[in-house]
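Look at the model below and follow the chain from one end to the other. The paragraphs after it go through its parts and then through the place where those parts meet.

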Amino acid sequence: MTGSPVSGNRAFVLAGRIGLGLGSLAITILGLLLITFLISRVVPIDPVLSIVGERATEAQIAAVRAKLGLDLPMWQQFLIYVRDALTGDLGTSIRTGEPVAAEIARYFPATLELATLGTIFGTLVGVPAGVLAATRPGSLADQVVRVIGLMGYSMPVFWLGLIGLLVFYGQLDWVSGPGRLDPTYDMMMQFTLTPYTGMILIDSALNGAWDVFGNAVSHIILPAGLLGYVSMAYISRMTRSFMMNELGQEYITTARVKGMPEWRVVWVHAMKNALVPLITVITLSYAYLLEGSVLTETIFAWPGLGSYITDALFAADMPAVLGGTVVVGAVFITLNMASDLLYRLVDPRARA
Amino acid sequence: MQLGHGFGRAAALAVLMAGTAPMALLAETPADTLVIADAIDDIVSIDPAEAFEFSGVDLNNNTYDTLIELDPTKPGELVPGLAESWSVADDGMTYSFKIRPGVTFSSGNPLTAEDAALSLRRVVKLNKTPAFIITQFGLTPENVDQMITADGDTVTLKTDKAYAPSFVYNCLTAGVANIVDVKTAMANEADGDMGNAWLKANSAGTGAYVLKSFKPNEGYVLEARQGHWRGDAKLKTVFMQHIPEGATQRLLLEKGDIDIAREMTPTDIEGLAGNPDVKVQNDVGGQVYYLGLNQKTPALANPKVQEAMRWAVDYKGMTDTILRGQWVVHQAFLPLGFLGALDENVYTLDIAKAKALMAESGLPLPLEVKFTVRNNQERLDIATSLQNTFAQAGINLVMDVGDGKQGLEVYRGRKHEMTLQTWGPDYPDPHTNASTFAMNPDNSDAANATGYLAWRNAWDPGPLNALTEAAVVEKDAAKRAAMYEDIQRQQRDNSAFVMMFQQAKQDALRANVNGFFAGGATDAATYWTITK
């Protein structure tokens, strides 16, 4: 038997791949930090003046400069920045005087909640719709999916959101209005319930406060549906094109000739192959929603990451802008890693 | 067609969630809670010694009290607050205030004359921007321990000059003179800040409400206190939501999800007509709209350019359209309602005149000017109108748009060229606006006198300095009024300012909400009087 040298080789290759993966992850994160660091040094805003105010004396300014490490050489400042960022210290917001990490910890869960629901909705509806369109090209179903998709692509989110509010909240009264909770429930959440994650749906459920949960659902359903619709439009178009491609392959003809039921041909054979690019599409649209959709957040008075970064930008609050950028970057990197891992699960060719 | 309720909900939820979810709750605010929507992103700090923006002063008016108050039901009338009575000695420089017994702070600490003295001294020692309202009586961090003293139940305030007594009393109604529980503040002191950082997220006053939570740019929650000396607030809770969009506020108000909408555009207000569930409350406002021209920019110090600008504003066009119902033309720095207010508007839109003046200025045309504007629909509307008419006169405005706080910092640092700003009086006395629009004792950068708008625009008012100083000690009211009229005319026609509009406040309320006072031209909002 020649098994042992071969398996030794395999273990070696696997270890190498993991090492390579981690190495590239580290380099990506370092690159991200380097870029945000450089941006923070290029912008014409003096962080010291923002902190000490206008009345400060020269000595006070020098003291703060030293405290912030701004008197050190650039490379040393960068190392300190990396060290702080890795230990979760993203600096202090100039607007509010609060640590940026603590503020993002408050805003990001609101976005996470919204983006996750939106992506689930977009996937659950978008994939079957895309498959339906691909299996009956040119049919009425295909046309309907195309038109609905096109609307999701081309209509401004701002307009869709306002119309959604007017119709479902203003006229029909099916959902609650802007904000994450009604004032009564908001105060219950703030003053009587234990926050675990910052995501109201999860926290209220963990506290067993089902009335709060219900109110949160009635608030999130419209913005999440809106984001879900936009990502559904994208996912269904991509699913259709991937599936069309697979359904034209010879192995599909072979399967059909062998008398395999059509649903099995589509959902098992073709879908398995379309899944690899589809994972990338879904992950990317999830990452896109996690950046925080500024317009959706504005219309729905949703205190999420998108409006946090935008407000910070308007207030020239650079630590907050950079902190938000680092978080968005980290989300992208993490989701990329996750989709890499998923490839390996569904595609044997990707597994060493 | 309206679908049956049960079916409608089921269908909507099935479509949106593809699963089960509880239904939307009835849209109505709780009976004991007041829900207000406003744009509160102007707040820099809610420490009374530092708060100097409208939203922050509105908040503090309900969590703190002053020694002397303005009666919200009778504009301009002084009534006892934390002081039961007050008097001035014959020398005109020594004021005594007898403290009301039995008042407690939200911490439970009893209010004493010593507390009141400590609180006023704290303002002088911290010396934040609004401190000038108090320090203008000759108080400094060094002398304040001798100038403000407590003895038994009486606080004594000494001034450096014999001012008109009403001037002193009026100043003590301003937000900066709110009495803070200094013992509690000092217990939360960090780096010698006298509790300033802690008071940015907490309240420590004797007010009808206590601050339960404060989230910058999101909102705040106030809770009514039991046994308040003025009588308890009618509503147990005040819930303020930061909602900058007027259209969103209108939707929420008409649905009954908020009780008061305070940041609606004229279009939103007009859209409410015919809805019996809401009402619009008109009030006079103390704010004035003006353009500030930084005199460090040589072209803007040119009198011809300044005059050209005054003829290049479409005053009537704006108040008839974009500002309808919210602002009226008012070309003087004292709002109508104040002693000495000037009710004459001499400038109109006259492009030909403006163009001719620009040609006389000797500057290469078109003149390019950076224009700092806050990111807010109304201001952007005004700025767009100005951009249009100024361009016809030969002045190209390059917009620099930022949020309220960013714009304020640029302005206070004298880093703007031209800026669109509003100004609200700090206390109901003409000196409040005269001393900022027509006075600037030291125009140097080092003076850092950000409380003076003239300083912020690097403008030296010259002889107006002396005229303003004379007016504030003039005891004859009619004579004093005439002096202010003269100062206003001079400032209007020859200064770093283009005076444009006075505020006409419109708040939209649910029909069942009563007793809301927006504060008129002289005071801040009161929540404790509201019933519903």
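The domain assignment splits chain A into domain 1, residues 3–86, and domain 2, residues 100–350. The model is predicted, and the average pLDDT of chain A is 83. A score of at least 70 is reached by 91% of the residues. At the start of the chain, residues 1–5 of chain A stay under 50 in pLDDT. For residues 1–5 of chain A the model also has 0 contacts beyond four places in sequence.

Next, consider how the domains are placed. Taken over C-alpha atoms, the centres of domain 1 and domain 2 of chain A are 31 Å apart. The two domains do touch: 11 residues of domain 1 of chain A are in contact with 9 residues of domain 2 of chain A.

The size of an interface is often given as the accessible area lost when the parts come together. For domain 1 and domain 2 of chain A, the buried area is about 900 Å², and 88% of it lies on carbon and sulfur atoms.

What kinds of polar link does the rule find across this interface? It finds 0 salt bridges between domain 1 and domain 2 of chain A, and 0 residue pairs in polar contact, counting pairs with both residues at pLDDT 80 or more. On the side of domain 1 of chain A that touches domain 2 of chain A, helix 1 (residues 3–42) of chain A gives the largest share, with 8 residues. By type, the residues of that side of domain 1 of chain A are 8 nonpolar, 3 polar and no charged.

Conventions:
Residues are numbered from 1 along each chain as its sequence is written. Chains are lettered from A and ligands numbered from 1 in the order in which they are written. This is a predicted model: local features need pLDDT of at least 70, side-chain atom pairs count only at pLDDT 80 or more; totals for chains, interfaces and linings use all residues. Side-chain values use heavy atoms; hydrogens and water are left out. Domain bounds come from an automatic or database domain assignment. Contact means heavy atoms within 4.5 Å. Buried area is the accessible area (1.4 Å probe) that two parts lose on being put together, summed over both. A salt bridge is a side-chain nitrogen of Lys or Arg within 4 Å of a carboxyl oxygen of Asp or Glu. A polar contact is a pair of N or O atoms within 3.5 Å; within protein, one must be able to donate a hydrogen and the other to accept it, and residues adjacent in sequence count only if both atoms are side-chain atoms. Helices (H or I, at least four residues) and strands (E, at least two) are DSSP runs, numbered from the N terminus. Ala, Val, Leu, Ile, Met, Phe, Trp, Tyr, Cys and Pro count as nonpolar, Asp, Glu, Lys and Arg as charged, and the others, Gly among them, as polar. pLDDT is the predictor's confidence in each residue, from 0 to 100.
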